[in-house]
Amino acid sequence: MQFARTLPRNLVHRAAIAEVFLTDAERRGEDEILLAAQLPRCHAFYGDTLTPRGHHDPLLLLEACRQAIFVVAHRWFGVPPDHRFLLRTVEFEVPDPDALATRDTPTEIVVGARIAHRYRDRSGITGLRLDFTATVDGEEAMSARIAYAWMRPEDYGRLRSRQRRALGLFEPPVAPDGPRVHPALVGRRDPANTVVSPPHITGDGRSTARVVAPATHPTLYDHRVDHVPGMLELEACRQLALTAAVAAGTLRTPTALPTALSARFRRFAEMDPPLQCVATPVPSRADVECALHQLGTTVAEARIAFAHGGPARLLAGAGQGHAPGTGGTPR
């Protein structure tokens, strides 16, 4: 595997070359693909921390796996470049955070991807579930699973129009700005990297906040989309979960690394109506259950475990053997 140059940015659906982390990909068998990635030592979003961090953000490595889903679809399943992609479920575990320790040079990752399931309908294959194992110098740094689907642009357009009409939304979507949480409360230095409003903690220990991120954010909105991106939804859950766990006393610091995550995307999160995030700490653990609600409907659910807590129990049935429907969050 080579680490000398990145894969083409259009292949991984990125506009900025700096946001491309994959450097190579080759098929090793019917269901096996090997990929290479280089993690930057400093990244304006994933590397932004309140205190110096000696480990890469696991969500940075998850982003490399997310980019891999496009490579597999386009290169080996013939999915045309204009097709739209929907995330269905995302899971990861970090067995040993020390495997993600930063170094004096950029970290080179080898990612094995196994095609665990092919989703089909009468037209053929419509999606995949990929199981990932990422290693650094032969040591496992992360295991992950992503289930996703793709669709023709005309089908995507009808689906989006139908949902927006049903919600009474007729104008082009615009991401609203608003007050955001103080960056130190979510372990950040740069206020531009906070994505939730100041949280409200209820008597039962739950934290609630609105998702707030302008569509000009260079990482989360790398290119124009008509919805709240899935990685932004996960980041909102992570940030609110940190405030909830610290307030509950199950975490000492908001800079704790997530060591496990399990998420299911149920439908598109629209940019214009309020998108509320709710985080509920699990008693005596560093796990936090999160949900995103919009206009009376749950759009996504997640469970996150942090460095000195136990592993997140995966959402029942997440990514296992069921064909993706029309819900989900595009790439």
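In this predicted model, Gln239 counts as buried, because its relative accessibility comes out at 0%, and buried means anything under 20%. The residue sits in helix H3, which runs over residues 230–248. Tucked away as it is, the side chain of Gln239 still has a polar partner: one of its polar atoms lies 3.0 Å from the backbone oxygen of Asn193. Asn193 also turns up among the residues that Gln239 touches once neighbours within four places in sequence are set aside, and the rest of that list reads Val186, Arg188, Thr194, Val195 and Val196.

Pro191 belongs to the loop between helix H2 (153–166) and strand S7 (200–201). With neighbours within four places in sequence left out, its contacts are Arg180 and Pro183. Trp150 makes a handy reference point for Pro191: the two are 41 residues apart in sequence, and their C-alpha atoms are 34 Å apart in space.

Helix H1 is next. It covers residues 58–76, and its 19 residues should span 27 Å at 1.5 Å a residue; the C-alpha atoms at its two ends are indeed 27 Å apart, so the expected and modelled lengths agree. Of those 19 residues, 17 are buried, which means that H1 is largely enclosed by the rest of the structure. Both ends of H1 have something to look at. At its start, a side-chain oxygen of Asp57 comes within 2.9 Å of the backbone nitrogen of Leu59. Just after the helix, Gly78 takes a positive phi of about 65 degrees.

Positive phi values also crop up away from glycine. Most residues other than glycine have a negative phi. His13 goes the other way, with a phi near 60 degrees. This residue lies in the segment before strand S1 (22–27), and it counts as buried because its relative accessible area is 15%, under the 20% cut-off. Leu295 is another such case, its phi being near 50 degrees. Here the setting is the loop between strand S11 (287–294) and strand S12 (297–306). At 48% relative accessibility, Leu295 is partly exposed, since it falls between the 20% and 50% limits.

Now for the empty space. The structure holds five cavities of 30 Å³ or more. The largest cavity encloses about 100 Å³. It is lined by 14 residues, with Pro176, Val211, Ala213, Val228 and Met271 closest to its centre. Sorted by class, that lining contains 12 nonpolar residues and two charged ones, with no polar residues.

The second largest pocket offers about 160 Å³ of space. Its lining is made up of 13 residues, and those nearest the centre are Arg41, Tyr46, Gly47, His55 and Thr102. By class, the lining of this pocket breaks down into six polar, four nonpolar and three charged residues. Put side by side, the linings read as follows: 12 nonpolar, no polar and two charged residues for the largest cavity, against four nonpolar, six polar and three charged for the second largest pocket.

Conventions
Residues are numbered from 1 along each chain as its sequence is written. This is a predicted model: local features need pLDDT of at least 70, side-chain atom pairs count only at pLDDT 80 or more; totals for chains, interfaces and linings use all residues. Side-chain values use heavy atoms; hydrogens and water are left out. On a 1 Å grid over the protein atoms alone, a cavity is a set of points where a 1.4 Å probe fits but cannot get out, and a pocket is an open set with protein on both sides within 12 Å along at least five of seven lines; lining residues have an atom within 4 Å of a point. Grid points are joined across faces, edges and corners, and a volume is the space filled by probe spheres set on the points. Ala, Val, Leu, Ile, Met, Phe, Trp, Tyr, Cys and Pro count as nonpolar, Asp, Glu, Lys and Arg as charged, and the others, Gly among them, as polar. Helices (H or I, at least four residues) and strands (E, at least two) are DSSP runs, numbered from the N terminus. The expected span of a helix is 1.5 Å times one less than its number of residues. Buried means under 20% relative accessible area, exposed over 50%, partly exposed in between (1.4 Å probe, protein chains only). A polar contact is a pair of N or O atoms within 3.5 Å; within protein, one must be able to donate a hydrogen and the other to accept it, and residues adjacent in sequence count only if both atoms are side-chain atoms. Contact means heavy atoms within 4.5 Å.
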